[in-house]
Amino acid sequence: MHANFALIAATYIDVAQADSDYRRLAQWFNDRERCAELDAVIVARKASGESRFHRERSLSGATADGGALGLAAGLAAALFPSVGADIPSSQAGDRAALQAVAGVISTVLSRSDQMKVGAHLDPASAALIIAASMPIAGELRDELVRAGSTLEASVHLDEATVERFVQVARRLS
């Protein structure tokens, strides 16, 4: 099934601010009993300058198995490949799945949009990256009360294709 997704990148001065908005999103998600419409991850910059996951699970508790689930982590991995190092080598299937989703995101999000989002996030100490179905994107932006700035890009993708890429990546890992 083809669907339109909003990819929202919000910048923060620190992880605590990003965590606060992440918890607001989780509460919003739970209050509305949504399923598979929202995924969010926090990426934080370490003292070494490396970007790493701070929170990498989707708000619904699932991992990158297709649909909106894993798209936020996939965008993070496409922009900041170092986040893949957060997944232990003993979980090669999960690492491969993340890279598969990153590959799909890199294909459906134009290079200029990738550069724009990356440049938006680069100076931030922490970022909240959200993937959501288009109809709820506006409501979600309203929940980002601590964000310094936000940037949104939209993608059109086939959820079944994402699932197939993830399954193949897991099998081959």
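At 33% relative accessibility, Gly103 counts as partly exposed, a label given to residues between the buried limit of 20% and the exposed limit of 50%. This glycine is found in helix H3 of what is a predicted model. Gly103 also offers a first look at how the chain folds back on itself: Ala78 is 25 residues away in sequence, yet the two C-alpha atoms are 7.0 Å apart in space.

With that starting point, the overall layout can be described. The protein contains six helices and five strands. Read from the N terminus, these elements follow the order β-α-β-β-α-α-α-β-α-β-α. Of the 173 residues in the protein, 49% are buried. Among contacts with a separation of 6 or more, 79% are between residues 24 or more positions apart.

The interior comes next. In soluble globular proteins, nonpolar side chains tend to be buried together. In this model, the largest nonpolar core has 34 residues, and Phe53, Leu121 and Ile129 are those with the most contacts inside it. Many parts of the chain contribute: at least two core residues come from each of the strands S1 (2-12), S2 (38-45), S4 (126-133) and S5 (149-158), and from each of the helices H2 (71-79), H3 (92-108), H4 (111-121) and H6 (159-172). Helix H2 gives the largest share, with seven residues. Phe53 shows what such a position looks like from the inside. Leaving aside neighbours within four places in sequence, Phe53 is in contact with Val41, Ile42, Val43, Ala73, Ala76, Val83, Asp86 and Leu98. A second core, separate from this one, has 20 residues, including Ala6, Leu38, Ala40 and Ile130.

Helix H2 deserves a closer look. This helix is mostly covered, as eight of its nine residues are buried. The buried ones are Leu71, Ala72, Ala73, Gly74, Leu75, Ala76, Ala77 and Leu79. Leu71 also takes part in a link to strand S2, where Asp39 lies. A polar atom of the Asp39 side chain is 3.2 Å from the backbone nitrogen of Leu71. Is Asp39 itself buried or exposed? Its relative accessibility is 2%, so Asp39 counts as buried, the limit being under 20%.

Helix H4 presents two sides. Its buried residues are Gln114, Val117, Gly118, His120 and Leu121. Because these residues cover an arc of only 160° around the axis, they sit on the same side of H4. Arg111 and Ala119, on the other side of H4, are exposed. What covers the buried residues of H4? The list includes strands S1, S2, S4 and S5 together with helices H2 and H3.

Helices H3 and H6 form a pair of their own. They pack at an angle of about 145°, and their axes are 8 Å apart. Their crossing is right-handed. On the H3 side, the residues involved are Gly93, Asp94, Ala96, Ala97, Ala100, Val101 and Val104, which meet Val162, Phe165, Val166, Ala169 and Arg170 of H6. Leu172 also lies in H6. With a relative accessible area of 71%, Leu172 is exposed, since the limit for that label is over 50%. The C-alpha atom of Leu172 is separated by 8.3 Å from that of Ala96, although the two residues are 76 residues apart along the chain.

Two further residues complete the picture. Phe29 is found in helix H1 (residues 15-32) and, at 5% relative accessibility, counts as buried. Phe29 and the Asp39 met above are 10 residues apart along the chain, and their C-alpha atoms are separated by 9.8 Å. Ile136, for its part, has its place in the loop between S4 and helix H5 (137-143). Despite this loop position, Ile136 is buried, with a relative accessible area of 3%. Its C-alpha atom is 9.6 Å from that of Phe5, a residue 131 places away in sequence.

Technical notes:
Residues numbered from 1 in each chain as written. Predicted model: local features only at pLDDT ≥ 70, side-chain atom pairs only at ≥ 80, totals over all residues. Heavy atoms only, no water. Core = buried A, V, L, I, M, F, W, Y, C linked by side-chain atoms within 4.5 Å. Buried < 20%, exposed > 50% of the residue type's maximum accessible area, 1.4 Å probe, protein only. Helix = DSSP H or I, 4+ residues; strand = E, 2+ residues; numbered from the N terminus. Contact = heavy atoms within 4.5 Å. Polar contact = N/O pair within 3.5 Å; in protein donor to acceptor, adjacent residues only side chain to side chain. Arc of directions from axis to C-beta. Axes fitted to C-alpha atoms, helices over the stretch in contact; angles between N-to-C directions. Left-handed = near helix turned anticlockwise from the far one by under 90°.
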